[in-house]
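Please open the model in a viewer and keep the selection tool at hand. The stops below proceed from the overall fold to individual residues.

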Amino acid sequence: MSNSTYAANGDNGDLGSTEGELNAWKHRAPYRVHDKAEDFKVRYEGSCHCGKIKYQLSREKPLDSKFCHCTTCQKIHGAPFQWAAIFHKDDINFTHGHHDLGWYESSEKTCVHKLPCKVSCAYCRTPIMDEGRNMILLFPTLIDFKTPEDRKNFDISCHMFYTRRILDINDGKPKWTGINDSSDLMADSPQEAINELKRKRQDEEQEKSKKDQN
């Protein structure tokens, strides 16, 4: 498949082969299919809307889970915010649909597999995940939760880019103006979180001042 068709279609140009340089991504996490002999304990299963993409997850709880209110997430998901759960790349095992994945790198607006990038089903266009350089951000709405307890494992820890929100969410969670821990907490965040951030930054400032003096 030519590069022009690859870019125009927005899919990965895959014809089902696992050989060759263009298919090297299939042998690396998160796309590498785990061998049956490996100790991959299936904890959850997820799929896109049309069912062409199916995957398994081995980790019981994500490393973190957040609501992102940035305008990029709003536009790409067609929703007020993105619900994202962070996992290691080896925590996922794709069982169906390698050749039905599509990529999108939002900063350059290209469909080339360039990290970080957004991954979707090339057929029904369901967003599957964001692939970073070290981690993946999965979308829990694709997961088939069997129990309320399973769903609770994905409860969010905070909101990001809350200044760009479409609607107010009064859930008592910390609300950051940008990326969590790298921006400021808004006034309607829990007071204890605001106080903790203030102490943390005061400690960092004192540590920096000591280094400057030395």
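Two strands count as paired if DSSP finds at least two bridges between them. The model toured here is predicted.

**The whole chain**

Begin with a cartoon of the full protein, which holds four helices and 10 strands. Read from the N terminus, its elements follow the order α-β-β-β-α-β-β-β-β-β-β-α-β-α. Of the 214 residues, 41% are buried.

**The seven-stranded sheet**

Next, select the strands E6, E7, E8, E9, E4, E3 and E10; in that order they make up an open sheet with mixed pairing. E6 (101-104) and E10 (158-160) form its edges, and because each has a single partner strand, one side of each lacks a neighbour in the sheet. Viewed along the sheet, the twist from one strand to the next averages 30°. Strands of a sheet pair through backbone hydrogen bonds, in parallel or antiparallel fashion.

**Strand E7 and its two partners**

Narrow the selection to E7, residues 117-121. Is this strand enclosed or not by the rest of the structure? Five of its five residues are buried, so E7 is largely enclosed. Show its side chains: Cys117, Val119 and Cys121 point one way, whereas Lys118 and Ser120 point the other way.

Add E6, which runs antiparallel to E7 and is joined to it by four bridges. Here glycine 102 lies opposite serine 120 of E7.

Then add E8 (residues 127-131), also antiparallel to E7 and linked to it by four bridges. On this side serine 120 faces proline 127, and valine 119 is set opposite methionine 129. Which residue in the turn of the E7-E8 hairpin has a positive phi? Among the five residues between the two strands, select arginine 125, whose phi is about 70°.

**The largest pocket**

Now display the surface and find the largest pocket, with about 560 Å³ of space. Its lining comprises 28 residues, and Gln82, Pro116, Lys118, Asp130 and Leu137 are those nearest its centre. To see where the lining comes from, colour E3 (64-68), H2 (71-77), E4 (82-88), E7, E8 and E9 (135-138), each of which gives two or more residues to it. By class, the lining divides into 13 nonpolar, eight polar and seven charged residues.

**The largest nonpolar core**

Hide the surface and turn to the largest nonpolar core, a set of 32 residues. In soluble globular proteins, nonpolar side chains tend to be buried together. Select Phe94 and Ile128, the residues with the most contacts inside this core. Two or more core residues come from each of E2 (54-57), E4, E5 (92-96), E6, E7, E8 and E9. Which element gives the largest share? That element is E4, with four residues.

**Serine 157**

For the last stop, select serine 157 in the loop between H3 (148-152) and E10. Is this residue buried or exposed? Its relative accessibility is 32%, and since buried means under 20% and exposed over 50%, serine 157 counts as partly exposed. Finally, add phenylalanine 67 to the selection: serine 157 and phenylalanine 67 are 90 residues apart in sequence, while their C-alpha atoms are 8.5 Å apart in space.

Note on methods:
Residues numbered from 1 in each chain as written. Predicted model: local features only at pLDDT ≥ 70, side-chain atom pairs only at ≥ 80, totals over all residues. Heavy atoms only, no water. Axes fitted to C-alpha atoms, helices over the stretch in contact; angles between N-to-C directions. 1 Å grid on protein atoms, 1.4 Å probe; cavity = no way out; pocket = protein on both sides within 12 Å on 5 of 7 lines; lining within 4 Å. Points joined across faces, edges and corners; volume = space filled by probe spheres on them. Nonpolar A, V, L, I, M, F, W, Y, C, P; charged D, E, K, R; others polar. Core = buried A, V, L, I, M, F, W, Y, C linked by side-chain atoms within 4.5 Å. Buried < 20%, exposed > 50% of the residue type's maximum accessible area, 1.4 Å probe, protein only.
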